[in-house]
Amino acid sequence: MTERLSPSRDAVARPDSDQPPLPPARFAYDRTTWKEIAHLLANLPVSVFGFVYVATVLFTGALMTLTVIGFPLLAAGLMGARQLGKLERARARALLGVRVDEPSPLPLRGGRNGFFPQLWLALKDPVGWRTILYDFIRLPWGILTFTITLTSLFVLWPVLPFIARGLANADRAMVRGLLSPSDELERRIAELESDRGVVVDTAAADLRRIERDLHDGAQARLVNLAMGLGLAKEKLLEDPDFAAAMVEEAHGEVKLALQELRDLARGIHPAVLTDRGLDAALSAVASRCTVPVKVTADLLSRPAAAIEGIAYFTVSELLQNVSKHSAAKSASVDVWRSADRLLIQVWDDGRGGARLDGGTGMRGLADRLDAVDGLFVIESPQGGPTTVTAELPWRDRVPGEG
């Protein structure tokens, strides 16, 4: 069983990759043909409106750039062109069956960026300029398609379905070419927006975990310790032996609280990772695993601290799963660098059957790697063995980075 999460390869599909094929054109008019005819006849009024809007925006904006209000007017015109493009995409979806994703909105952030940065962002908007180009070249095309379609309804009606299909396919190509979002840019924007949400959620979850561990562990012990020492202070004169016993018990509580604080600090960022790097830190994690683990780290240099931390916690979580769920007799951890990627492979000879949705934290690990352009692959057939491969982008460590 193999499960794969790859933001850079699988997260965003092409707009038309899952679109069902059109029925073939035929002499008998069907629903698809009538929709195409309606679209071609509507091209004329729509293209006239779009051309008038574009001519007005360009002429007024270019003329008024001699004054201070010209650029804001042009920016407003480009934002209005976005709305025309939205209407055209809706018309193409309804009548031509073209499924085109909506471009990402401009990140204006409610004016928090300042007026001039927002003005420049709107003026260089590629979506608005491509819509302007689309509406500008559509007028002659709209006249041509309206004339041919209307004439064919009366003169060439037996072959009109084939004519309409050819003209409509040209319309589909224009919509996909000029009104669809840039695949690479939009894919990257979608990734970054998704990854930002994952990072925020992960950080919030980690803060809640730390707060819970402090509240339920060390804090509770320290409260009990304070109460015990207060009681021992009251009994010190009247019952020294009882007070001494309570002090001894409090001493044990202090040791336990210190151990819990050390464990919590190790869970946040272990000192051995900062001081000695992945090899030593992973060896320490492997020594706490209930299964014998062989660790091999073939790294000539250390990656950036953030990448190193994610690699450490990924292996730590995977080895915890090996201890709790795998029933394995042996396991191994291999870490190496290949070009600009840091690769991690954790193997065990357990029962297998690990999945992203299996409730063992695999989904959280996959999301954490996803947030940094990583890759997470599970190969775990029933009966085992299980091999988990993780890839992280390699970033060199900055001198002095902890």
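Trainee: Which residue's side chain meets that of Arg91 in a salt bridge?

Mentor: Happy to start there, keeping in mind that this is a predicted model. The N to O distance of the pair is 3.0 Å, inside the 4 Å limit for a salt bridge. Both residues lie in helix 3, three residues apart, about one turn of the helix, and both are buried. The partner of Arg91 is Glu88.

Trainee: How many residues apart in sequence are the parts that Arg82 and Asp125 tie together?

Mentor: The closest N and O atoms of Arg82 and Asp125 are 2.6 Å apart, and the two form a salt bridge. Arg82 sits in helix 3 (residues 70-96), while Asp125 is in the loop between helix 4 (115-123) and helix 5, so the pair links parts whose separation in sequence is 43 residues.

Trainee: Is Asp125 buried or exposed?

Mentor: The cut-off for buried is under 20% relative accessible area. Arg82, its salt-bridge partner, is at 14% and is buried. Asp125 has 3% relative accessibility, so it counts as buried.

Trainee: What is the N to O distance in the salt bridge of Glu102 and Arg93?

Mentor: Glu102 is partly exposed, because its relative accessibility is 34%. Arg93 is also partly exposed, at 36%. Their side chains meet in a salt bridge with an N to O distance of 3.3 Å.

Trainee: Which residue has its backbone oxygen 2.7 Å from a polar atom of the Thr314 side chain?

Mentor: Let's place Thr314 first: it is found in helix 11 (residues 305-326), and at 0% relative accessibility it counts as buried. Leaving out residues up to four places away in sequence, Thr314 touches Leu365, Leu369 and Ala390. The backbone oxygen at 2.7 Å from its side chain belongs to Ile310.

Trainee: What is the approximate area of the nonpolar surface patch that includes Val155?

Mentor: Val155 is in the loop between helix 5 (126-154) and helix 6 (160-179). With 58% relative accessibility, it counts as exposed. Together with Leu150, Phe154, Leu156, Val159 and Phe162, Val155 makes a nonpolar surface patch of about 560 Å².

Trainee: Over which residues is the pLDDT below 50?

Mentor: For the protein chain, the average pLDDT is 77, and 76% of the residues score at least 70. The stretch you ask about has 47 contacts in the model beyond near neighbours in sequence. Where pLDDT is low, though, the predicted coordinates should not be read in detail. The pLDDT is below 50 over residues 1-17.

Notes:
Residues numbered from 1 in each chain as written. Predicted model: local features only at pLDDT ≥ 70, side-chain atom pairs only at ≥ 80, totals over all residues. Heavy atoms only, no water. Patch = residues over 30% accessible without salt bridge, like charges linked within 9 Å, V, L, I, M, F, W, Y side chains within 5 Å. Areas by Shrake-Rupley, 256 points an atom, 1.4 Å probe, with all protein chains shown as cover. Helix = DSSP H or I, 4+ residues; strand = E, 2+ residues; numbered from the N terminus. Buried < 20%, exposed > 50% of the residue type's maximum accessible area, 1.4 Å probe, protein only. pLDDT = per-residue confidence, 0-100. Contact = heavy atoms within 4.5 Å. Polar contact = N/O pair within 3.5 Å; in protein donor to acceptor, adjacent residues only side chain to side chain.
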